[in-house]
Structures are given as C-alpha cells and as structure tokens.
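Me: I'd like a close look at a single part of this fold, with enough of the whole chain around it to see where that part sits. Could you walk me through one strand and its partners?

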Amino acid sequence: MLKHVSAAALLLAASCLPALAQADANTLVIAQSVDIESLEPDMLNVTASINVASHVWGTLLSVTPEGEIVPNFAESYEWNDEGTEISFKIREGLLCEDGEVLDAEDVAYTLTRAADPENKFIGHAPGFVYSSIGYVGARAEGSDTAVLQVKGYSSTVPGMVAKIFIHCKDSYEKMSLEEAASTPVASGPYKVVEWVRADRVVLEKNDNWTLSEVPFERVVFRVIPESSTRTAELLAGNVDIAVNIPPDQSETVNASGRAKVVAVAGTRRIFAGFNFSGNFDGTPGGDAIKNVEVRRALNMAVDVPTICQQLLGTACERATGPANQANPDVKAYPYDPEQAEAMLDAAGFPRGEDGIRFELTMQGPQGRYLNDGAVQQAIAQYLSDVGVKTTNDLMDMTVYSPMAREHRAGPLYFIGQGGATWSAIYDMSLFPSRDAPVNNGMWFNQEWQTRWDSLQGVRDTAEESRIVNEMLQIFADDAPWIFLYFQPDFYGVSDRINFEPRRDEAIEGWTATLK
C-alpha cells in the first residue's frame with residue numbers, strides 16, 4: 001500500500017511541475033544530490049564536483065567504461081627504463097576557452113601548481129593521486145612532451161593521471177587563488193557560465209574545443225538532495241539524468257512512459273570506518289575500537305545482506321576489503337550476533353547492569369549515498385543489539401566531507417569511497433600513508449605498509465597480484481572497517497535521450513544523445 005501511495009504522490013508532484021527540459025533540445029539536465037565544492041580544479045574531492053569538472057577541464061588520458069586507459073590530451077606515453085619518469089606526447093591543436101594554446105608547458109604547470117604547498121590544495125589530485133603515485137615533479141621538454149617524475153614505477157600511474165584536470169598556464173598565472181576558484185578557464189568541452197550555490201551549475205559549449213563532437217550546446221547540473229524530488233523532476237521532463245533513484249520508485253518511473261531506471265553494479269565502497277587518529281582516545285568507545293577483536297566482533301554484529309535487500313532493494317554480497325577486484329580467498333565476515341557477543345566478552349567488554357558494553361557515535365552524511373540515513377540507523381541498531389550503544393549523527397555532505405578528510409569524524413564514521421574497474425591497487429590507494437586525507441580513519445598497519453612500499457617498481461603482473469592479495473588478507477584480518485557493500489546505482493534516464501550509465505559514477509554528458 002505504501003508503494004502505491006508513493007507512486008501516486010510522485011505522479012501528482014510530476015504533473016504539477018512545468019516540463020522545461022523537453023522544450024529545449026540543446027540542453028541536457030543532470031540532477032545530482034549534492035553541490036560542487038568549488039570551481040578550483042585542485043580543491044575537488046566529491047564525485048558530484050568531479051563530474052562537473054570533467055566537462056570543464058580535459059585530462060591527459062581517459063578511462064573507458066570497461067576500464068581501459070586510452071589517450072586524450074596525450075596521444076601516447078612511455079616509461080623510462082628506471083621507472084622514475086613517464087613522458088606524455090601532447091596532441092597538437094589543443095586550445096583553452098580563452099584561445100590560449102595548450103601544450104606540454106601547460107601540463108607541467110598544472111602538475112606543479114597542484115603540488116605547490118603554498119597553494120594548500122586538498123583536492124583529488126594533490127590529496128590522493130600524488131601521494132598514491134609518489135609524485136616527485138614535472139617538466140616540459142619542448143612544446144610536445146610533458147614529463148611526470150615519480151618515486152618508482154607503478155602500474156596505476158596512467159589511470160591515476162586520468163584524474164588530473166589540465167588547465168592553461170597563462171590564464172591561471174594571472175589569477176589569484178580566489179579568482180581562479182570563481183572564474184575558471186576551461187580546457188574541456190564546456191565552460192562555466194553560472195554557479196548558483198546549492199541550486200545549479202550551468203555550462204555552455206566551449207567553442208575552442210576540437211577534440212570531439214559535443215551533442216548539447218548546454219549542460220545544466222542541478223542540485224536536488226531529496227530523492228523523491230529528483231524522481232518527480234525526472235517524470236515532469238525537467239531532468240534528463242537523475243542519480244540515486246530509490247529502488248522502490250523504479251516501478252513508477254518505468255511505467256510512466258517518460259523515463260526509465262537503469263541499474264548498474266557500482267564500484268563505490270560503502271563502509272563504516274573506525275577512527276584511529278587519537279581524537280577519541282580516552283573515551284570508552286575510542287579506546288575499545290583499538291582492539292582488533294572488538295572490530296571483528298562489530299563486523300559480525302551487522303547483517304549486511306538484509307540491509308541490502310530491505311533498504312537498497314537488491315541483493316548484494318558483503319565486501320571483504322577495499323578492492324573491487326577482491327582476493328577470492330578472503331571470506332566475508334558472517335552475520336553472527338551470538339559470536340559477536342562472545343568475542344566482546346572475551347575481549348574484556350562485558351555488558352554492564354544497564355546492558356551496555358560501551359557507547360559509540362557514528363557520524364555520516366545524509367542524502368549523499370543510496371538510502372544512506374536508513375542504512376546508518378540500521379547499523380546503529382545492530383551494534384546496539386549486541387550491547388554497543390550507537391548513536392547516529394547525520395549531517396549534510398558539505399559539512400561532513402571536510403570532517404572526514406581532516407580525520408575528525410568518528411569514532412565510527414560512515415562513508416562511501418569511489419572505486420575503479422581497472423585496478424585493485426587504485427582501490428587500495430586510500431592508504432598510502434597514515435595521514436593521507438583519503439585515509440579518513442588514519443589506519444596504519446606495518447605489514448600492509450611494507451607490502452605497499454614493495455609494490456613500487458614491480459612490473460611483473462604475477463608478482464604484483466601476489467602482493468596485492470596478501471595486502472587484502474591483512475586488511476580483512478585487521479578490520480579497520482565494518483565491511484558493508486559496493487553500492488548498487490540506480491539512474492533515472494529520460495526517454496528523450498540515449499545514455500548508458502557507467503559503473504564508476506562518472507557522468508559524461510557528452511556521451512548522451514537525443515533520440
């Protein structure tokens with residue numbers, strides 16, 4: 001009955017909205033759940049921001065939906081014999097929005113600008129990519145060759161480079177950091193013409209883009225936090241692509257004759273992590289989670305398959321670690337609350353007279369991931385059931401994201417980290433060091449770190465695979481997370497366009513076409 005009420009409400013809401021998108025064949029409208037963080041390419045971490053940025057700035061290489069690394073601004077690349085430098089041959093004829101020629105000097109400038117400590121950038125490239133690949137420096141050799149220097153060879157470098165947004169030197173050198181964050185100069189297929197915070201980002205075709213055809217003159221990214229509102233806007237014809245459509249709304253959308261829901265097996269790792277930063281030392285919960293047996297017990301207290309079935313509307317297998325390409329020999333923690341209670345007793349955390357062993361606060365975002373608020377509440381209930389009284393602290397992603405990046409969320413924190421189809425090492429690059437911004441809980445394990453460091457320079461794929469599988473076993477045994485699932489993704493797609501969603505949450509508007 002509730003489903004039918006929900007369907008009726010959605011259709012009524014849709015009928016009350018004017019159909020705007022269908023009136024403009026030159027505009028593609030994409031609805032995301034959160035706003036962008038900035039218009040500075042080196043201050044972006046959230047997928048919603050990176051989706052917008054990928055339309056504004058180009059990259060040296062690209063990753064196909066199938067996980068293949070292919071040329072983009074760079075037509076080819078090669079390693080030196082020592083594995084300390086990778087050279088990129090830059091295409092001719094590239095231009096920025098203002099007409100500036102984009103060549104190897106601009107690539108070297110982009111790389112060094114992101115690394116400059118005076119800029120205090122904390123975005124994806126300086127905060128994640130550089131620490132993962134062991135960035136050392138960059139230089140231009142003539143106008144057609146840009147050289148990236150790293151500490152040692154890694155098979156992940158080309159894929160990581162595909163995450164770095166290239167921008168033109170002359171344009172950005174003239175601007176202060178504040179000006180650059182508000183008046184971006186595009187190198188990609190679209191330029192920014194408007195950003196209304198918490199509402200929309202409007203992009204228009206960059207006339208100096210020549211690398212590929214652009215099917216729409218204008219792309220609008222709308223910020224619509226409520227899933228029911230995204231669905232209603234999709235059904236009204238005001239949105240062409242909508243993220244995170246709740247599964248229980250799929251039937252309504254598919255029967256509307258206006259749109260459909262496309263489900264994909266996503267790559268995003270959803271987990272509840274333990275914070276080891278020291279910020280919670282001296283609290284009962286903060287001290288308890290330092291015990292590995294406690295962490296393993298809390299894993300066994302949570303029924304992940306039931307969460308998936310009841311709250312995500314689909315079956316899923318419990319994750320065993322951070323990599324989409326998992327170690328097949330690592331078994332998922334079973335749901336066994338009785339064993340979890342026995343382990344907590346044995347670890348020295350018996351129930352008190354009030355039935356409580358210790359208390360935890362779990363912080364996390366609401367409205368960022370699929371049904372994330374309900375999932376967090378379910379986890380808190382499962383933990384409370386075994387005597388670990390857990391309180392939810394839900395907040396907007398714009399508030400939560402810097403807390404997680406600065407290691408302040410916790411002592412239990414809920415988050416989803418984007419993953420890849422092309423490399424287990426990429427997925428494990430959340431932990432290149434204890435204090436890396438993407439290592440939200442500041443987890444450190446010496447056995448893991450030794451193997452991570454040993455990967456540098458390994459070119460034999462069999463040896464690389466052996467080391468990776470050992471690391472994944474160590475991760476599972478040490479249980480720095482309550483392992484949950486890889487998020488299934490449900491996209492709403494208007495019937496007026498052709499569009500195939502990717503597994504990695506990247507939304508590429510230039511791949512959509514009118515029917």
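Reply: A bit of vocabulary to begin with: two strands are said to pair if DSSP finds at least two bridges between them. Bear in mind that this is a predicted model.

Let's take strand 7, which covers residues 145–150. Is it covered or open? Mostly covered, with five of its six residues buried.

Strand 7 has a partner in strand 5, residues 85–90, and the two pair in the antiparallel sense over five bridges. To pick out one of the contact points on your screen, go to Ser87, whose bridge partner in strand 7 is Val147.

Strand 6, residues 135–141, is also joined to strand 7, here by six bridges, and these two run antiparallel as well. One pair to look up is Glu141 with its bridge partner Thr145 in strand 7. Strands 6 and 7 form a hairpin with three residues between the strands. If you check the backbone torsions there, Gly142 takes a positive phi near 75 degrees.

Now zoom out to the chain that holds this hairpin. The protein chain has 18 helices and 18 strands. Its radius of gyration is 23 Å, close to the 24 Å that the globule rule gives for 515 residues, so the chain is as compact as a globular protein of that length. Along the principal axes, the C-alpha trace spans about 75 × 65 × 40 Å.

As for burial across the whole chain, 57% of the 515 residues count as buried. The accessible surface comes to about 20,600 Å², and carbon and sulfur atoms account for 48% of that. If you count contacts between residues at least 6 apart in sequence, 71% of them join residues at least 24 apart.

On the electrostatics side, the chain carries 40 positive and 72 negative charges, and the mean positions of the two sets are 2 Å apart.

One of the acidic residues is worth a click too: Glu508, found in the loop between strand 17 (497–498) and strand 18 (513–514). Its relative accessible area is 18%, and buried means under 20%, so Glu508 counts as buried. What is Glu508 in contact with, leaving aside its neighbours within four places in sequence? The list is His55, Phe499 and Arg502.

Back at strand 7, then, the picture is a mostly covered strand that pairs with strand 5 over five bridges and is joined to strand 6 by six.

How values were computed. Residues numbered from 1 in each chain as written. Predicted model: local features only at pLDDT ≥ 70, side-chain atom pairs only at ≥ 80, totals over all residues. Heavy atoms only, no water. Helix = DSSP H or I, 4+ residues; strand = E, 2+ residues; numbered from the N terminus. Rg over C-alpha atoms; globule rule 2.2 N^0.38 Å. Buried < 20%, exposed > 50% of the residue type's maximum accessible area, 1.4 Å probe, protein only. Contact = heavy atoms within 4.5 Å. Areas by Shrake-Rupley, 256 points an atom, 1.4 Å probe, with all protein chains shown as cover. Lys, Arg positive; Asp, Glu negative; His and termini not counted. Charge placed at Lys NZ, Arg CZ, Asp CG, Glu CD.
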